[in-house]
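The exercises below are meant to be worked through with the sequence and the structure side by side. Please try each task before reading its solution.

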Amino acid sequence: MALIQAQPAAVYNNSFFELFSVASTGLINLNTASAVALQMVPGVDDNIARAILKRRAGLDGVDGTDDDVPFRSLAELQGIPGVSPQGAQNANRYFNVRSATFDVEVTAELDGRTRKMHALLRRNAPNDVRVLVCYWR
């Protein structure tokens, strides 16, 4: 008789690209993370992740519109159903509310030819943005 019963492995229908960055602070931005990325944090289940998405989407419930309500501090997690006061206090171990790295794509057209430039940028401070990688495609 086995003391530990085997549990099926969790299946995620996402790629590593959607969950990880090659250049990051190691924290998840509450204002940009998907529900799946949020659920990678211990204690964050589907209900909490969806409540975070709903809260930041504003009244219309659609991310990326004028009525969005971004998190300005981690203390605002205390208003999310299912997040305990202790969970909100420990949030700084996993989350932040600002991104430090950005993937930028610029399309340029000259003499009927189009090229795309990709860059990975890192913001160290508001006036200190560095190009980490830049390439044409």
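What follows is a set of exercises on a predicted model, each with a worked solution.

**Exercise 1. The overall layout**

Task: Establish how many helices and strands the chain has, and in which pattern they follow one another along the sequence.

Solution: Begin with the count, which gives four helices and five strands. Then read along the sequence, where the pattern is α-β-α-α-α-β-β-β-β. Next, consider the contacts with a separation of 6 or more in the chain, of which 35% are accounted for by residues 24 or more positions apart. Finally, turn to the surface: 26% of the 137 residues count as buried, and the accessible surface of the chain comes to about 10200 Å², with 55% of that area belonging to carbon and sulfur atoms.

**Exercise 2. The surroundings of Arg55**

Task: Determine which residue forms a salt bridge with Arg55, and over the face of which residue Arg55 lies.

Solution: The first step is the search of the whole structure, which finds six salt bridges. One of them joins Arg55 to Glu76, with the closest N and O atoms 2.2 Å apart. Arg55 belongs to helix 3 (residues 46-57), whereas Glu76 lies in the loop between helix 3 and helix 4 (85-89), so this pair ties together parts that are 21 residues apart in sequence.

The second step is to follow Glu76 further, since its side chain also meets that of Arg72 in a salt bridge, at 4.0 Å from N to O. Arg55, Arg72 and Glu76 are thus joined into one network by salt bridges that share partners. Within this network, Arg72 counts as exposed, at 68% relative accessibility, while Arg55 counts as partly exposed, at 23%.

The third step concerns the ring: Arg55 lies over the face of Phe71, at 4.1 Å from the ring centre.

**Exercise 3. A salt bridge with a buried partner**

Task: For the salt bridge between Asp63 and Arg56, decide whether Arg56 is buried or exposed.

Solution: Start from the pair itself, in which the closest N and O atoms of Asp63 and Arg56 are 3.2 Å apart. Then apply the cut-off, by which a residue is buried when its relative accessible area is under 20%. Arg56, at 5% relative accessibility, therefore counts as buried. Asp63, at 42% relative accessibility, counts as partly exposed.

**Exercise 4. Leu74 and its contacts**

Task: Locate Leu74, and find which residues Leu74 touches when those up to four places away in sequence are not counted.

Solution: Leu74 is placed in the loop between helix 3 and helix 4, and at a relative accessible area of 17% this residue is buried. With residues up to four places away in sequence set aside, Leu74 touches Leu30, Ala91, Asn92, Phe95, Asn96 and Val97. A backbone distance can be added to this picture: the C-alpha atoms of Leu74 and Gln89 are separated by 8.2 Å, the two residues being 15 residues apart along the chain.

**Exercise 5. Strands 3, 4 and 5**

Task: Find where Asp111 lies, what is particular about its phi angle, and which residues are in contact with His118 beyond its neighbours within four places in sequence.

Solution: Asp111 lies in the loop between strand 3 (101-110) and strand 4 (113-125). Although Asp111 is not a glycine, its phi is positive, at about 55°, and at 75% relative accessibility this residue counts as exposed.

Within strand 3, Thr101 counts as buried, at 18% relative accessibility. Thr101 and Arg123 are 6.2 Å apart in space, C-alpha to C-alpha, and 22 residues apart in sequence.

In strand 4, His118 is buried, with a relative accessible area of 7%. Its contacts, leaving aside neighbours within four places in sequence, are Val104, Glu105, Val133, Cys134, Tyr135 and Arg137.

One of these contacts, Val133, leads to strand 5 (residues 128-136), where this residue is found. Val133 is partly exposed, with a relative accessible area of 42%, and together with Leu132 and Tyr135 it makes a nonpolar surface patch of about 250 Å².

Note on methods
Residues are numbered from 1 along each chain as its sequence is written. This is a predicted model: local features need pLDDT of at least 70, side-chain atom pairs count only at pLDDT 80 or more; totals for chains, interfaces and linings use all residues. Side-chain values use heavy atoms; hydrogens and water are left out. A charge sits over a ring if NZ of Lys or CZ of Arg is within 6 Å of the ring centre and within 35 degrees of the ring normal. Patches are made of residues with over 30% relative accessible area and no salt bridge: like charges are joined within 9 Å, nonpolar side chains (Val, Leu, Ile, Met, Phe, Trp, Tyr) within 5 Å. Accessible areas come from the Shrake-Rupley method with a 1.4 Å probe; for residues, only the protein chains shown count as cover. Helices (H or I, at least four residues) and strands (E, at least two) are DSSP runs, numbered from the N terminus. Buried means under 20% relative accessible area, exposed over 50%, partly exposed in between (1.4 Å probe, protein chains only). Contact means heavy atoms within 4.5 Å.
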